[in-house]
Every structure is written in structure tokens, then in C-alpha cells.
Amino acid sequence: MTALQRLFKFNGGVKPAYNKEASTGLPIAVAPTPTLLVIPLHQSIGGPPRPLVKAGERVLKGQRIGDADGNVSSAVHASTSGTVVAVEMRLMPHTSGLSAMCVVIEPDGRNEWIPRQPFDFRSASPAASRDFLRDAGVVGLGGAVFPSHLKLNAGKQGKLDVLVLNGAECEPFITCDDVLMRERPEEIIKGAVIMREMLSAGEVLIGIEDNKPAAIAAMEIAARAANRVAGANVYKVGSVPTRYPAGGAKQLIRVLTGIEVPHGERSTDYGVQCFNVGTAYAIHEAIELGQPLISRIVTVAGNVGQARNYEVLFGTPMKDLVALCAPLPDSDRLIMGGPMMGFRMPGDDVPVVKATNCVLVGSTALFPPPPPEMPCIRCGECAKACPADLQPFEMYWFSRAKIFGKAQEYNLFDCIECGCCAYVCPSRIPLVDYYRFAKSEIWAREVEKEAADVARDRYEFRLLREEREKQEKAAKLAAKTAAGREKAAAALAEAAKPAATPEEDAKKALIAAALERARTEKARVHPENTADLTPEQQAEVTAIEARRAEIREMAKPHLRPDD
Amino acid sequence: MLEALLVMALGAVVLGAALGYAAVRFRVEGDPLVEKIDAILPQTQCGQCGFPGCKPYATAIAKGEAEINQCPPGGEEGIHKLADLLGREFKPLSAEHGIEKPKSVAVIDEQACIGCTLCIQACPVDAIVGAAKQMHTIVAKQCTGCELCLPPCPVDCISMQPIGESVESWKWKYPVFKINPTQREAA
Ligand code: SF4
Ligand code: SF4
Ligand code: SF4
């Protein structure tokens with residue numbers, strides 16, 4: 001028996017209409033290659049990848065077209081073979097309606113792969129395995145697109161207690177993980193085996209909502225097989241109660257392990273790491289087949305004649321994909337993601353990207369406009385519904401008043417934007433809109449502050465440098481004038497010499513010696529502005545002093561006492 | 001979406017560590033009030049306030065020798081923050097010191113640049129690189145948009161370009177709600 005015996009509960013949550021049956025009736029179909037692929041370079045959290053191709057170049061399927069920019073970044077690849085027709089700004093699948101750099105590829109229909117080689121992660125160092133996954137473009141496919149190689153780090157302890165595979169898929173309409181688990185459970189488990197080894201994890205808990213019996217059954221069979229190979233009961237499938245948002249990482253971890261990750265902390269610190277089942281599948285494909293991430297399963301649902309899951313190449317325009325599902329005539333919008341957490345697209349020609357788990361076709365009938373917002377009556381319903389144990393009305397209040405510091409004190413950044421609070425609010429306040437607004441303001445400020453700090457440091461450094469240069473110049477000038485004066489004095493002394501008696505000469509020599517002593521003594525005393533120097537400055541000062549001494553040495557033979 | 005949390009937490013930790021390091025590494029002993037005021041000022045180092053930089057202006061404010069509304073890059077928001085910090089009355093930005101402009105960076109027309117190094121000497125944050133008689137260029141990331149490099153350029157090849165919004169820097173707007181049905185239709 002691989003099923004988990006004991007489960008825990010998370011607080012809050014809601015039960016929206018699930019609407020999942022429509023898209024699970026048919027198996028996964030492969031979406032046809034479109035006439036033009038528009039592949040955004042920036043598809044993950046972290047730095048935007050640098051383009052590796054130019055217009056006119058021929059690319060192969062799986063060829064890297066964008067290179068990870070630093071470690072917190074992830075590569076992108078050509079989804080099929082063809083010719084790069086442009087590297088240019090194109091409309092992004094993003095609420096902002098802004099454009100970003102994309103590689104536009106005209107497929108040649110040959111689907112010619114790059115040479116594919118499995119990666120022997122067992123004999124490679126963990127760092128090399130992570131680099132491989134970064135260059136294979138593997139990112140979290142649950143929707144957050146966080147680079148997976150960064151999460152596949154066992155951290156300080158060097159091992160993990162529990163690896164959680166997230167197959168809960170709690171958001172209405174979306175079934176891409178469900179069908180993937182039904183149809184390709186062995187591959188998901190193979191990915192889990194790799195991740196477990198990379199993380200030195202103890203057990204692997206696979207959480208699936210109990211409204212997906214077919215997926216649970218399929219995964220249990222695959223898990224049993226893996227347990228036989230492992231010789232121990234490490235892969236366990238947990239059927240978790242269906243309640244939105246059971247698929248939230250912290251919520252699922254809590255249900256499966258009972259571990260409550262406190263506000264502002266990460267699950268890794270508690271020995272748990274959570275990955276989406278689709279990510280496990282992608283890791284298997286990358287490591288064992290040598291295939292970088294170039295496609296994913298996407299649910300097309302909502303206002304369509306035939307909802308279905310497709311395996312879609314990244315860069316496929318959403319309208320081409322939606323056209324396969326007979327959208328109804330009154331459709332007026334596309335939403336990437338589900339109705340609770342999804343984002344409205346600025347147009348229907350935006351491409352499918354790594355974050356696209358679902359393309360939801362909407363209409364005014366299906367999603368009527370929200371009723372007008374009313375004042376908050378502080379009924380506390382939102383707090384009861386919040387699965388992250390937050391106080392939404394307080395966060396709302398301070399976000400609305402733009403008192404961001406206070407909003408943060410109420411753990412605004414622990415809000416997962418699940419929308420439960422807005423769903424239950426009797427005053428129909430679009431609470432999440434306020435949180436998104438406040439979060440992006442706070443982030444913008446953080447960035448601004450960081451830039452200001454850099455500018456301050458650079459300015460102070462410049463002042464220091466200018467001061468040092470001034471000192472140097474002054475020192476040089478002083479040395480020059482001193483030398484000049486000494487020379488003039490010498491000439492004068494030469495002229496005066498014959499008049500002096502030998503006696504006077506001796507006297508003068510004595511005086512000169514005394515003067516010289518006094519001078520060197522004086523030179524040894526530090527001037528005020530050279531107190532508290534840095535070692536570099538000190539070194540420079542010493543060098544200048546040395547030069548001065550040299551000049552003095554040179555001037556000495558001619559030195560006469562009437563200086 | 002949910003993993004966004006992780007990312008944010010990670011970001012906070014990294015930024016915190018960096019700032020903490022900077023705070024120790026670049027600590028300048030000084031008047032805590034001046035430091036606090038300086039922390040609010042935008043560090044553009046443009047001199048529009050009438051002082052040779054943000055720190056001197058901060059010092060003057062702390063001594064009560066300057067008004068709090070002389071910094072155009074800081075804008076209304078900066079004045080509000082200063083007013084809060086110092087318990088002074090808010091005043092609109094003083095027009096004689098300048099107007100609030102969208103944040104920009106200087107860009108050198110590299111074809112026209114004669115490599116005179118005058119701009120390098122003017123830049124308060126050393127954001128311009130180039131050697132004598134060589135083409136110069138501006139490191140956009142370090143440019144504060146102070147415009148101090150514009151006047152010295154003998155061939156007027158430097159221009160200010162506003163920083164556009166990108167997908168990464170885009171911000172969610174303050175939720176606005178339609179009051180009546182007509183407006184709702186329009187929106
Ligand atoms: S549910 Fe709505 S009305 Fe009730 S306290 Fe929360 S925000 Fe206010
Ligand atoms: S959106 Fe945020 S505040 Fe609202 S219920 Fe979800 S986690 Fe809680
Ligand atoms: S006006 Fe310019 S120099 Fe003065 S405080 Fe503002 S940014 Fe700094």
C-alpha cells in the first residue's frame with residue numbers, strides 16, 4: 001500500500017465550481033506546429049536570457065536560442081527546426097500589454113532535432129547537474145516558472161526529508177497535470193527518482209486532489225513499481241481533500257506532512273521542497289532523453305465547443321491553439337491560467353510560454369463583470385477563507401491607503417494571490433488587485449532604493465578619488481617649487497661664495513646643517529590632511545615622499561647656507 | 001504562481017544581505033539625522049537643490065538652513081517623506097529649483113562623440129567610460145539621470161532618454177472602479 005495514511009488540514013480555502021470534466025474526456029493531443037513561432041526570451045523568473053541567434057540563421061529543434069544570464073536565469077530553445085526570421089520586440093502574454101524580445105522562427109516542417117544525449121547525473125557533480133538543467137531550460141511548470149535548478153539544491157544540511165510532488169491542481173478548469181499523470185505516470189516518477197537523488201531526499205510524497213481518481217490510480221501503480229526498484233516504501237501517493245487552493249505549495253506541504261511553514265520562511269528550512277508533477281516530467285525528459293524544455297501540456301477550456309489538453313510547442317500563438325477547440329462566437333477574452341489566479345491576455349496572438357498551464361476562453365456570459373465594490377464591513381469572512389492565515393482586510397486597508405509598510409507588517413508577501421478572500425467577500429472588494437498593486441509598488445521602491453544606495457556609494461567614492469588626486473597634485477607642485485627654490489638658492493650661493501672667508505664658511509656650514517636637520521624634522525611631522533589614510537593612500541603618500549627625498553638628495557651638493 | 005512567494009523571500013534575503021554588507025562596509029560616521037535625510041534623497045547628485053550633492057543638502061536641511069522642497073528628482077513623494085521625518089509642514093516643490101521629470105538616462109550619440117572627456121569629469125557617479133580621443137559611452141545602469149554631463153559636451157551629442165516601462169518593471173495599477181453603468185461599458 002503506497003497511499004498515505006494520515007493527512008492534515010490547512011485553514012481556510014473555498015470550493016468554487018471545478019469545471020474540469022469538459023477537458024478530461026479526450027486524451028492529450030499534439031497541437032500542430034504553427035506557421036510562425038514567437039518565442040519570448042524571458043520566460044522564467046530571473047534575468048532575461050541573452051539571444052544566441054540572429055535573423056536568417058537556421059536552427060534545429062531543441063537548439064539553444066537564449067543563454068541563461070547568470071545563475072538565476074534559465075535558457076530557452078527553438079521549439080522546432082526552421083529559420084529565424086527576426087529577433088524583435090513582440091507582444092507578451094502579460095497583463096501589462098507590453099512587448100519584450102522574442103525570437104521569431106519560421107518552421108521548416110522537418111522537425112529536425114539537435115543531437116540528443118542523456119545526461120549521466122549520477123557521475124556528475126551536483127553543480128554540473130544543476131547547470132545542465134539550467135541550460136535545458138527546465139523551470140517550474142506549476143505557473144511560477146522558477147528555475148528548477150535553483151530549487152534542486154539540498155542546501156546546508158545536504159539532504160532533504162521530504163520531496164513533495166504537487167499534482168493537486170486545485171484551480172478550476174485546469175486539467176493539464178491531471179491528464180499528464182493519467183497518461184505518463186512512469187515518466188513523472190522517473191523525474192521524481194532523479195530529483196530525489198539530487199536532493200538526497202528521504203521520501204517522496206505525491207499530493208493529488210481526490211477528485212482525480214484516475215490520476216491517483218495511475219500514479220499509485222507507477223509509485224509501486226518505483227518502490228520495488230528502490231526496495232523501500234519511499235514513493236507515496238496522497239489523495240488530498242478537494243478544496244481550493246490545496247495546490248498552494250505551503251498548503252499542500254501542510255496537508256501531506258503537517259509541517260506549518262511560518263510566515264516569511266521557506267519550506268526548505270523545514271526539510272521540504274515542492275515541485276509540480278509537470279516539472280518532474282520535464283526533468284526526466286531533459287536528463288534521460290537529452291531533450292530541453294520546448295513544449296508543455298496546456299488545457300484549453302472555457303467558452304469553447306471542445307475543451308481539451310494539448311501538447312504545445314512554446315511560441316505557438318494562443319489563437320492557433322484556441323482555434324482547435326471551436327471557440328464559441330461570443331468569446332471576448334483569453335485568460336492565461338484559471339479563473340481564480342489567471343491573467344487576462346492583451347490579445348489573442350500572444351504566444352504560449354512555459355508559464356501557460358491553461359488558456360481559458362472567456363465571455364461576458366461566462367465571467368460577468370464584477371459587481372461594484374462596497375465598503376469593507378470588517379466581517380472577517382476573508383480572514384476565515386485565507387489559506388495563508390493572513391488578515392486580508394487589514395492588508396487591504398493599508399494597501400488601499402498606500403501605507404505599504406503596515407501592509408508588509410501584516411505579511412503581505414505571504415499572500416499567494418489565491419483570491420479566496422475576494423471570492424467570499426460580501427462587499428465584493430477585488431482584494432487581490434489591491435495586493436498586487438501594493439506588492440509591485442513595494443518592489444519598485446526596493447529597486448529604487450537599491451539604485452540610490454549604489455549611486456551614493458559611487459558618489460562618495462568619486463569624492464574620495466578627487467580628494468586624493470588633489471593631494472597628489474599639491475604634493476607634486478610642492479616638490480617642484482621646493483626643488484626650484486633650492487636650485488635658485490644654489491645659484492645665488494655660487495655667486496656669493498668668493499666673498500666669504502673660510503671661517504665664515506665653516507660657520508655657515510654649521511648653520512646649514514642645523515637648518516637641514518630642522519627641515520627633515522619638519523618633513524617628518526604629518527600634515528593634518530594625511531591623518532586616517534587608507535592603506536592605498538598611505539602607499540601613495542610614501543611614494544611621493546620618496547620622490548621628494550630623491551629630489552632633495554639631488555639638490556644637496558649645491559646647497560649653501562644662505563638659503 | 002504560488003512559488004512566487006519563495007522567489008520574493010529569496011529576493012528579500014539576498015537584498016537584505018547585500019544591504020547589510022554595504023551598511024557595514026561603507027559605514028560613514030556622522031550625524032544620524034543627516035543620514036536619515038540622506039536616505040530619503042534620491043541620490044541623483046544633480047545639484048538642482050542648490051547644493052553640490054544630496055549629502056550637503058541633507059546636512060543643510062538638518063541644520064535648518066534649507067527648505068525640504070528643493071529636490072526635483074525626489075518629487076512630491078520625497079517631500080512628503082521629509083515632512084514626515086522632520087515633523088515639518090508639507091510644501092509643494094519649489095519651482096525655482098526645477099520640476100519633477102520622468103526618470104531618464106543620458107545617452108551619448110557615439111557617432112558624434114569626439115572623445116573630449118569633459119562629460120566624464122562632470123559625471124558625479126563615474127557612469128561614463130571612455131579614454132581621451134576615444135568614443136565615450138554611458139553605463140545606463142549607473143546613470144542617475146542628473147543631466148550634469150549635458151552642458152559640458154562641446155558637440156551636444158548627449159541626450160536624455162526617458163526609461164520606458166518593461167514587462168519586468170511594470171507595476172499593477174491602483175484599482176479603479178467604474179462608478180456607473182455607462183462608464184462600465186466604456187471600460
Ligand atoms: S470579507 Fe470583505 S467585507 Fe468582510 S472583512 Fe473581508 S474585506 Fe471586509
Ligand atoms: S489572496 Fe492572499 S489574502 Fe486573499 S485569501 Fe489568498 S492568500 Fe489570503
Ligand atoms: S536636487 Fe539633486 S543633488 Fe539635490 S538632493 Fe535632490 S537629487 Fe540630490
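## Two chains at a glance

What share of the 563 residues in chain A is buried? The figure is 51% in this predicted model. Chain A holds 15 helices and 17 strands. Its contacts reach well along the sequence: counting those with a separation of 6 or more, 74% link residues 24 or more positions apart.

Chain B has 187 residues, and buried ones make up 33% of them. Its secondary structure amounts to six helices and four strands, arranged along the sequence as α-α-α-α-β-α-β-β-β-α. For chain B, residues 24 or more positions apart supply 49% of the contacts with a separation of 6 or more.

## An open sheet in chain A

Let's start with a sheet. Strands β2, β8, β7 and β4 of chain A line up in the order β2-β8-β7-β4 to make an open sheet, with antiparallel pairing. The edges are β2 (37–40) and β4 (58–59) of chain A, each of which pairs on one side only.

At the β2 edge, the partner is β8 (residues 99–107) of chain A, and the two antiparallel strands are joined by four bridges. If you want a spot to click on, try L37(A), which sits opposite I105(A) of β8(A).

## A parallel pair, and a helix under cover

Elsewhere in chain A the pairing goes the other way: β10 (residues 201–209) and β11(A) run parallel, with six bridges between them. One bridge partnership to look at is I206(A) with V237(A), the latter in β11(A). Strand β11(A) is mostly covered, with five of its six residues buried.

Helix α6(A) is also mostly covered, as seven of its nine residues are buried. Those seven are Q251(A), L252(A), I253(A), R254(A), V255(A), L256(A) and T257(A). What lies over them? The cover on the buried residues of α6(A) includes β9, β10, β11 and β12 (272–276) of chain A. Right after α6(A) comes G258(A), with a positive phi near 80°.

## Two helices crossing

Two packed helices are described by the angle between their axes and the distance between the axes. For α4 (residues 185–199) and α7 (residues 277–289) of chain A, the angle is about 80° and the axes are 7 Å apart. That angle is why α4(A) and α7(A) count as roughly perpendicular to each other.

Which residues make the contact? From α4(A) come E187(A), I188(A), K190(A), G191(A), A192(A), I194(A) and M195(A), while α7(A) contributes V277(A), A280(A), Y281(A), I283(A), H284(A), I287(A) and E288(A). By type, the residues in this contact of α4(A) with α7(A) split into nine nonpolar, two polar and three charged.

## A buried serine

S23(A) belongs to the segment before β1 (29–30) of chain A. Is S23(A) buried or exposed? Its relative accessibility is 1%, so S23(A) counts as buried, the cut-off being under 20%.

The side chain of S23(A) makes a polar contact of 2.8 Å with the side chain of T175(A). Setting aside neighbours within four places in sequence, the residues in contact with S23(A) are F173(A), T175(A), T299(A), A307(A), R308(A) and N309(A).

## Backbone oddities

Most residues other than glycine have a negative phi, and most peptide bonds are trans. A few spots in chain A break with that habit. The peptide bond from Y244(A) to P245(A) is cis, with omega near -5°. You'll find P245(A) in the loop between β11 (235–240) and α6 (249–257) of chain A.

Then there are two positive phi values outside glycine. E169(A) has a phi of about 40° and sits in the loop between β9 (160–167) and α3 (176–183) of chain A. With 9% relative accessibility, E169(A) counts as buried. R428(A) has a positive phi near 50°, and its place is the loop between α12 (420–424) and α13 (431–496) of chain A. At 38% relative accessibility, R428(A) counts as partly exposed.

Key
Residues numbered from 1 in each chain as written. Chains lettered and ligands numbered in written order. Predicted model: local features only at pLDDT ≥ 70, side-chain atom pairs only at ≥ 80, totals over all residues. Heavy atoms only, no water. Pairing = 2+ DSSP bridges. Axes fitted to C-alpha atoms, helices over the stretch in contact; angles between N-to-C directions. Parallel < 35°, antiparallel > 145°, perpendicular 65-115°, else oblique. Contact = heavy atoms within 4.5 Å. Nonpolar A, V, L, I, M, F, W, Y, C, P; charged D, E, K, R; others polar. Buried < 20%, exposed > 50% of the residue type's maximum accessible area, 1.4 Å probe, protein only. Polar contact = N/O pair within 3.5 Å; in protein donor to acceptor, adjacent residues only side chain to side chain.
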